[in-house]
Amino acid sequence: MAVKIRLKRLGKIRAPYYRIVVADSKTKRDGRVIEEIGKYHPTEEPSFIEIDSERAQYWLSVGAQPTEQVAALLKITGDWGKFKGDKDAKSTLKVKEPKVPFEIDASKKSVVKPKAEKKVEAPAEEAPAKADAEAAEAPAADSE
């Protein structure tokens, strides 16, 4: 059985992303696979490439043939150089810079006005209580 390391296409029409898979050379592009060994997202900036180096080395050592696209990805991650015996093979993969946390600029005025604190007035609460007490006394006075 001839085994290939190739790309399996996923995603929408104009938003592709790929899985790097090991499959029989006679199966369909998106058909049954033996093993998934990585991911590739070409539409991100910079492109996202993640390959399980240990599994890629294993499959290359047992004779799996990478396609042209996968061979290019393996060269970028440094796995192809390791397979060919280059001990100094390094990854030339560009990594996305981490997001800078948002900081509020203290020198600028706030656009949003804080809500005024609600003041609880004790006399306002006692007023309804007095009205209820007076209403209760009024019917008692009428009955006399």
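Colleague: Contact means that heavy atoms lie within 4.5 Å. With that in mind, which residues does Asp-24 touch, not counting residues up to four places away in sequence?

Modeller: This is a predicted model, and Asp-24 lies in its strand β2. Leaving aside residues up to four places away in sequence, the residues that Asp-24 touches are Met-1, Ala-2, Arg-6 and Ile-34.

Colleague: How far from Asp-24 is the nearest side chain of opposite charge?

Modeller: Side chains of opposite charge can pair when their charged atoms come close. A salt bridge needs a side-chain nitrogen of Lys or Arg within 4 Å of a carboxyl oxygen of Asp or Glu, and Asp-24, although buried, has no such bridge. The nearest side chain of opposite charge belongs to Arg-32, and its distance from Asp-24 is 6.0 Å.

Colleague: Which strands stand at the edges of the sheet?

Modeller: The sheet is open, with mixed pairing, and its five strands follow the order β4-β3-β2-β1-β5. Two of these strands each have a single partner, so one side of each is left without a neighbour in the sheet, and these edge strands are β4 (48–51) and β5 (65–66).

Colleague: Which residue of β5 stands opposite Ile-5?

Modeller: Strand β1, which covers residues 3–12, runs parallel to β5, and two bridges join them. Within this part of the sheet, the residue of β5 that stands opposite Ile-5 is Pro-66.

Colleague: Which residues of β4 point to one face and are buried?

Modeller: A hairpin of six connecting residues leads from β3 to β4, and these two strands pair in the antiparallel sense over four bridges, with Tyr-40 standing opposite Ile-49 in β4. The side chains alternate along β4, where Phe-48 and Glu-50 point to one face and are not buried, while the buried residues pointing to the other face are Ile-49 and Ile-51.

Colleague: At about what angle does helix α1 run to β3?

Modeller: Helix α1, made of residues 53–61, lies across β1, β2, β3, β4 and β5. Taking its direction against that of β3 (35–41), the angle is about 120 degrees.

Colleague: Within what arc do the buried residues of α1 fall, seen down its axis?

Modeller: The buried residues of α1 are Ala-56, Trp-59 and Leu-60. Seen down the axis, they line one face of the helix, because they fall within an arc of 100 degrees.

Colleague: Which exposed residues does α1 carry on the face turned away from its buried side?

Modeller: A residue counts as exposed when its relative accessible area is over 50%. On the face of α1 turned away from the buried side, the exposed residues are Glu-54 and Ser-61.

Colleague: How many residues apart in sequence are the parts tied together by Arg-55 and Glu-35?

Modeller: The side chains of Arg-55 and Glu-35 meet in a salt bridge, with 2.9 Å from N to O. Because Arg-55 lies in helix α1 and Glu-35 in strand β3, the pair ties together parts whose separation in sequence is 20 residues.

Colleague: How far apart are the closest N and O atoms of Arg-19 and Glu-36?

Modeller: The structure holds three salt bridges, and one of them links distant parts of the chain, since Arg-19 is in strand β2 and Glu-36 is in strand β3, 17 residues apart. Both partners count as partly exposed, Arg-19 at 26% relative accessibility and Glu-36 at 40%. In this salt bridge the distance between the closest N and O atoms is 3.4 Å.

Methods. Residues are numbered from 1 along each chain as its sequence is written. This is a predicted model: local features need pLDDT of at least 70, side-chain atom pairs count only at pLDDT 80 or more; totals for chains, interfaces and linings use all residues. Side-chain values use heavy atoms; hydrogens and water are left out. Two strands pair if DSSP finds at least two bridges between them. Axes are lines fitted to C-alpha atoms, for helices over the stretch in contact, and angles run from 0 to 180 degrees between N-to-C directions. Buried means under 20% relative accessible area, exposed over 50%, partly exposed in between (1.4 Å probe, protein chains only). The arc is that of the directions from the helix axis to the C-beta atoms. Lys and Arg count as positive and Asp and Glu as negative; His and the chain ends are not counted.
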